[in-house]
Amino acid sequence: MDYTILIGGAAGQGIETVVHLLERTIKRSGYNVFTYKNYMSMVRGGHNFMQVRFSDRPITTYKNKVDMIFALTEESVDIHKSNLKESGTILVDSDMFPEEDYYHLPLNRTAKEIGNSKIVPTIGFGAIVKYYGLDMEIAEKAVNEMFKGKVLDLNLKGLSSGYEVGENKLSLELRNDENIILNGNQALALGAISAGVKYYCGYPMTPSTSVMSYISSKASEMGILVDQIEDEVGALNMVLGASYAGVRAMTGSSGGGFALMTEAMSLAGITEIPAVIVNAQRPGPATGLSTRTEQGDLRFVIHSGHGEFPKMVISLRNPEDAFYQTTRAFNLAEKYQMPVILLTEEYLTDYMITTKPFDFDRVKIQRHLAERAEVEEGRYKRYKYTEDGISPRINPGKFEDKIVLVDSHEHNEFGNIDESIETRNKMMDKRMKKFELLSEEVQEPWQIGVDNPEVLFVAFGATYGALKEAVDELNDENQRFGALVYGDIWPFPTKLLNQIGSQAKMIITVEQNRTGQLESLINEKTKLEINNRILKYDGRPLNGDFIKEAYKKL
Amino acid sequence: MNCEYELYDPSWCPGCGNYMIRTALKQALEELNIPPHKAVVVTGIGQAAKMPHYINANGFNGLHGRALPPAIGIKLSNKDLTVIAESGDGDTYGEGGNHFIHTIRRNINIAHFVHDNQIYGLTKGQGSPTTAMGQITTLQYEGVKIEPIKPLALSLTMGAGFVARGFSGDIPHLVELMKEAITYKGYAHLDIFQPCVVWNKVNTYQWYKDRVYKLEDDYDYTDFNAAYNKALEFGDKIPTGILYKVERETYEDRFEFIKNGQPLVDVELNPKDAQKLMKDFY
């Protein structure tokens, strides 16, 4: 089984309410859920829609065709009816398109009887619960958790009235549920908290804001200082101050705000202060499409900051990956004393997916701080030359006879300004040695599909989910497809790509940008020939159907 | 515990006001018995901003205009450190103007010493945010055409609880002001006049000496209106001393876990502490 319900309407009409209730109810009934959310940049009005897909099999992307449209506006029907399967149903109020053969229910009238027209979405939810034969107790619990007081009473009435007036068509059996359901930013934030972030500051910018707001909601409970500050320039500088003082610190933004951080990115490079920075991509240039998705910042992020210095870029592939990679990012930032950028994208920040509960035993905290015995006598050398380029790092205030000096100028081992040729060369080499060492421990991309594919797709980040379904379905037709999906992307791992790519008959890159930025990286770092490319840059996330269709058109 | 601050050879011009400010800083920290490993001097870029290289305290010599943000990050992470942000007038009031305004709003317990020589020294003589209207510089050939900023009036109106002005030519007075600023619980703004002997031929040592006077003993520094009037006094006579000082709740004290907890840097990290948060997602 594999169903999709699309809920469409104007912003502020309650689409999110229905979706949230459906997600929880279906998940707790033991099914896998995947919700794709599509917003315009409006608080009220406009047209928004979300698609809740659910199945007894794992699902990682959304589908083009839907089984049910629950339309809160006539516009929603007009826009989406072409996406309806032949067997599909359109759930609308009785007064909407009365001449059509739709699933008409007296939603507005029932709401009026209950005494509040805002209750329509919950009545619709009740009708959907009935339609699919979902468990009413589970649905009630979801409503109970979501509302309080008077509003709760209204919504409980809405649910039961919707259930009463609705018709039953299917009967989904109850299955065992052990999963959690969350989006990429929640997973990322949870990863950061579990990694021990003590200081998060930032300036709100869609689609990064929910990382900060989630951590903020747990700030007092977990003893984390969350600071909304004046601008992104200040944000990364504050993070560097906090990290210099010795706490795990983090900031995040989207392209434009991230651009403001690039000055301090360079500062992190030369001062060798660890930092974890999130860039949640949205389509640019400039304000671009502020609530939509893109992978257009890959090159920008890799090269962010003036001058040459080591940094790491990890692109996040799904919420589970976001959780574990975030915890790893803190360890790597401290090991190599450098900035680590977590590259995510609007689509991943927002879609909801059922996933296995995170294993906190797997999370290791490695601070890489030097003990007193590891620091030589005499004046402390913050930038001591070592074989691997990593100098013993201590916190200021920790040892009575050691002061810690960091400097944005080129500096000597003590951290004092030094412009000599010898120092400059040695310090540049010292810093870049860390990058060489890091290059040896980057993780190869995830591999999907057959082991030695004739057709190899290569992608990065959140494209993973779509590619997974596309490759699986293509292999159902003919077992010759595979894919590599990059997480660690800078330094760029090439071993697996060279090994599999050199055997493949065709290599196709799949990216959400116009210029093929991953392709250009592959061209730069390998001798492989990219034969074809599937690019999408309209701000809407690609899905498995899109990749399959695009492949067939090549 | 050793509370003596070693000094290193600076590359400042002979006669630069920075020497006197450094002498005062060393003396203030020593008289307060703050050991060097517990003090952090955070600076941006400029001649003043080289301070961490010339005095043996913890130092964060960051970016131009960005002395305050790291200072905030440091103080919030380790409340046991004495944090002094220090930079020039261009750095603080120009490039860092936004941070300046919002740092005042926050009221974090740091001292902020602004070396104000009314000119850009490091970049060789361009007008700064405090250069007088009409002054000819190496960039403004027809004279500066915008009004100077009034730093003390600005910090007062933004709600600073400690606002003062010192003069590098009066070291004992400056030491007292620095000590007051460092021990003040909250954000303390100390603007310090200093001559730039090479690039500012208007605001010379003598120019300042002829104008500055100490606020009278009976001056009431808790009177906001009086302070505001003094902050605008910038002509033949310019007041020095503490213009304004009142008690304000600090930013960090608004967080229970910082106010009554150990410094964040000393908190032990345990990934499993976060496991309970997963309940939100079932």
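In the predicted model, strand β13 of chain A (residues 339-345) is largely enclosed by the rest of the structure, because 7 of its 7 residues are buried. The burial applies to both faces of β13(A): A:Pro339, A:Ile341, A:Leu343 and A:Glu345 lie on one side, and A:Val340, A:Leu342 and A:Thr344 lie on the other. Two strands of chain A pair with β13(A) in the parallel sense. Strand β11 (residues 275-281) of chain A is joined to β13(A) by 7 bridges, and in this pairing A:Val278 is opposite A:Leu342. Strand β12(A) is parallel to β13(A) as well, with 4 bridges between them; here A:Met312 has A:Val340 as its bridge partner.

Strand β12 (312-315) of chain A also takes part in covering a helix. Together with α13 (319-336) of chain A, it is among the elements over the buried residues of α15(A). Helix α15 of chain A comprises residues 421-441, 21 residues in total. At 1.5 Å a residue, a span of 30 Å is expected for this helix, and the distance of 31 Å between its end C-alpha atoms agrees with that value. The residues of α15(A) that are buried are A:Met427, A:Lys430, A:Arg431, A:Lys434 and A:Leu438. These residues are placed on the same side of α15(A), because the arc they cover around the axis is only 80°. On the face turned away from this buried side, α15(A) carries A:Ile421, A:Glu422, A:Asn425, A:Asp429 and A:Glu440, which are exposed.

Another buried position of chain A is A:Ile15, which belongs to helix α1 (residues 15-28) of that chain. A:Ile15 counts as buried because 24 C-beta neighbours are found inside 10 Å, where the cut-off is 20 or more. Leaving aside residues up to four places away in sequence, A:Ile15 is in contact with A:Ile7, A:Gly9, A:Asn48, A:Met50 and A:Leu72. Between A:Ile15 and A:Trp446 the separation is 431 residues in sequence and 35 Å in space, taken from C-alpha to C-alpha.

The contact between the two chains involves 53 residues of chain A and 49 residues of chain B. On the chain B side, the elements contributing two or more residues are α2 (51-54), β2 (58-61), α3 (68-77), α5 (97-106) and α10 (256-259). Helix α3(B) supplies the largest share of this side, with 8 residues. By residue class, the chain B side consists of 28 nonpolar, 15 polar and 6 charged residues.

Strand β2(B) pairs with a strand from each chain. Strand β15 of chain A (residues 405-407) is parallel to β2(B), and 3 bridges connect the two. Within this pairing, A:Leu405 is bridged to B:Gly59 and A:Val406 to B:Phe60. Strand β1 (residues 39-43) of chain B also runs parallel to β2(B), with 4 bridges between them, one partner pair being B:Thr43 and B:Asn61. The two faces of β2(B) are both covered, with B:Asn58 and B:Phe60 buried on one side and B:Gly59 and B:Asn61 buried on the other.

These strands belong to an open sheet of 9 strands with mixed pairing, in the order β15(A)-β2(B)-β1(B)-β3(B)-β4(B)-β6(B)-β5(B)-β8(B)-β7(B). The edges are occupied by β15 of chain A and β7 (212-214) of chain B; each has a single partner strand, so one side of each lacks a neighbour in the sheet. With direction ignored, neighbouring strands of the sheet are turned against each other by 20° on average.

Further along the sheet, strand β4 (residues 111-116) of chain B runs parallel to strand β6 (residues 188-193) of chain B, and 6 bridges join them. In this pair, B:Asp116 is opposite B:Phe193 of β6(B). Helix α7 (residues 171-183) of chain B lies across β3 (82-88), β4, β5 (162-167), β6, β7 and β8 (238-245) of chain B. The direction of α7(B) is at about 160° to that of β5(B).

Note on methods
Residues are numbered from 1 along each chain as its sequence is written. Chains are lettered from A and ligands numbered from 1 in the order in which they are written. This is a predicted model: local features need pLDDT of at least 70, side-chain atom pairs count only at pLDDT 80 or more; totals for chains, interfaces and linings use all residues. Two residues are in contact if their C-beta atoms, placed from the backbone, lie within 7 Å. Ala, Val, Leu, Ile, Met, Phe, Trp, Tyr, Cys and Pro count as nonpolar, Asp, Glu, Lys and Arg as charged, and the others, Gly among them, as polar. Two strands pair if DSSP finds at least two bridges between them. A residue is buried if 20 or more other C-beta atoms lie within 10 Å of its own, exposed if 12 or fewer, and partly exposed in between; C-beta atoms are placed from the backbone. Axes are lines fitted to C-alpha atoms, for helices over the stretch in contact, and angles run from 0 to 180 degrees between N-to-C directions. The expected span of a helix is 1.5 Å times one less than its number of residues. The arc is that of the directions from the helix axis to the C-beta atoms.
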